[in-house]
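Welcome! Take a moment to look at the picture and the sequence together, and then read on at your own pace.

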Amino acid sequence: MTNEALRQRAIWAVLIDKFGLRPWEIGRLTQRQIHELYFHPRNKDGTIKFPSDAQNQQRQVPATLEGELAALDEFAAFMGAGWKEKQQLDAAKEQLRAKYDGQRPDDTGLGGTEQEPCVCADFAI
Amino acid sequence: MSTLPELTADGYDFAHMGKSYHVDCIDNNMMAEFEKRLFAKAKERLLAVKDVLSSQAYELRSTALADRYMAGEFSMMQQGESNPLKDASNTVTLFSLMLDVDEKEVLALLSDKAVRAELTGLFRCAMRDSFPGLSFPNDQ
């Protein structure tokens, strides 16, 4: 028996042993489904591995007031007439501004509260 | 990179001269059927020369053929030059399984240049959906 034939037998045995599949169910799977779904890369604890955090961070744009306002405009345009009503849009923008105003004392990352301003409070925007 | 077709592996539709076809992805059942068809063809070829062989020679060849089949030599998963898909006639056998039509119909379809181009593209898509990391010689 060739190595490939032996390897296929081992793969089917794992599918039966670990995943409880029956031979006729494995028969309906493609090699790619087996490889990419059942043998999907796993973490040491056996959980499914997702794309690394580093890859996710590359896709994320750091949140800023300007960025979120632009995203809100984009979202409003996408949603159409209902969201384009100025009142709703303005209210949502106000909420965003309030959110960023509230964060100002901590912007530096050095701590501080309204009662005890942080050392860099004078330079806060 | 597509996102889901390779995970659902439900194949591709194709129409020609008013007839609808479906290009199936290659699952393990189809791979097993492919091996059986190649074995059947090899037996037919051996049977065709039975008259010119001694009974002992026929028996020896027949046993050797069965051994090759049992060893998995007709599997499309064979590596390198021993892969049966290196032989164009075996590829037609595979296409007939993927389209679920006989080999004559596959050859008729492939004889039309425009159809061949479209169908070859669909076969490639279905094969890519079926096997991990598959590439073709003229891939960019």
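Here is a short tour of the two chains, from their overall make-up down to single residues.

## Two chains side by side

Keep in mind from the start that this is a predicted model. Chain A has seven helices and zero strands, and its elements run α-α-α-α-α-α-α from the N terminus on. Chain B has six helices and two strands, and along the sequence its pattern reads α-β-β-α-α-α-α-α.

The chains can also be described by burial and by contacts. Of the 125 residues of chain A, 5% count as buried. In chain B, which has 140 residues, buried residues make up 19%. Now take contacts with a sequence separation of 6 or more: in chain B, 53% of them join residues 24 or more positions apart. For chain A, contacts between residues at least 24 apart make up 16% of those between residues at least 6 apart.

## How far to trust chain A

The average pLDDT of chain A is 72, and 65% of the residues score at least 70. Which elements of chain A have the lowest and the highest mean pLDDT? The lowest, 53, belongs to helix α6 (residues 81-84) of chain A, and the highest, 96, to helix α2 (residues 23-27) of chain A.

Residues 105-125 of chain A have a pLDDT below 50, and this stretch has 18 contacts in the model beyond near neighbours in sequence. Where pLDDT is low, the predicted coordinates should not be read in detail.

## A hairpin in chain B

Let us move to the strands. Strand β1 (residues 12-16) of chain B and strand β2 (residues 19-23) of chain B run antiparallel and are joined by five bridges. Two of the partnerships are easy to look up in the picture: D13(B) is bridged to H22(B), and A15(B) is bridged to S20(B).

Between them, β1(B) and β2(B) form a hairpin with two residues in between. M17(B) sits in the loop between these strands.

## Two residues with a positive phi

Most residues other than glycine have a negative phi, and most peptide bonds are trans. M17(B) goes the other way, with a positive phi near 50°. A9(B), which is not a glycine either, has a positive phi of about 50°, and its place is in the loop between α1 and β1 of chain B.

Is each of these two residues buried or exposed? A9(B) has 20 other C-beta atoms within 10 Å, so A9(B) is buried. M17(B) has 8 C-beta neighbours inside 10 Å and therefore counts as exposed.

## Helix α6 of chain B

Helix α6 (residues 113-130) of chain B lets you check a length for yourself. At 1.5 Å a residue, its 18 residues should span 26 Å, and the end C-alpha atoms are 25 Å apart, which agrees.

Which residues of α6(B) are buried? They are L119(B), F123(B), A126(B), D129(B) and S130(B). Seen down the axis of α6(B), the buried residues fall within an arc of 120°, so they line one face of the helix. An α-helix has 3.6 residues a turn, so residues three or four places apart point the same way. On the face of α6(B) turned away from the buried side you find the exposed residues K113(B), A114(B) and A117(B).

What do the buried residues of α6(B) pack against? Their partners are α3 (31-38) of chain A together with α1 (5-8), β1, β2, α4 (88-99) and α5 (103-110) of chain B.

## The largest nonpolar core

The largest nonpolar core has 18 residues, and those touching the most other members are V23(B), F34(B), F95(B), M98(B), L99(B), F123(B) and A126(B). Helices α2 (28-48), α4, α5 and α6 of chain B each give two or more residues to this core. The largest share, four residues, comes from α4(B).

F123(B) is a good residue to finish on. F123(B) is one of the buried residues of α6(B). Leaving aside residues up to four places away in sequence, F123(B) touches V23(B), F95(B) and M98(B).

How values were computed: Residues numbered from 1 in each chain as written. Chains lettered and ligands numbered in written order. Predicted model: local features only at pLDDT ≥ 70, side-chain atom pairs only at ≥ 80, totals over all residues. Pairing = 2+ DSSP bridges. Expected span 1.5 Å × (residues − 1). Buried ≥ 20, exposed ≤ 12 C-beta atoms within 10 Å, placed from the backbone. Arc of directions from axis to C-beta. Contact = placed C-beta atoms within 7 Å. Core = buried A, V, L, I, M, F, W, Y, C linked by C-beta atoms within 7 Å. pLDDT = per-residue confidence, 0-100.
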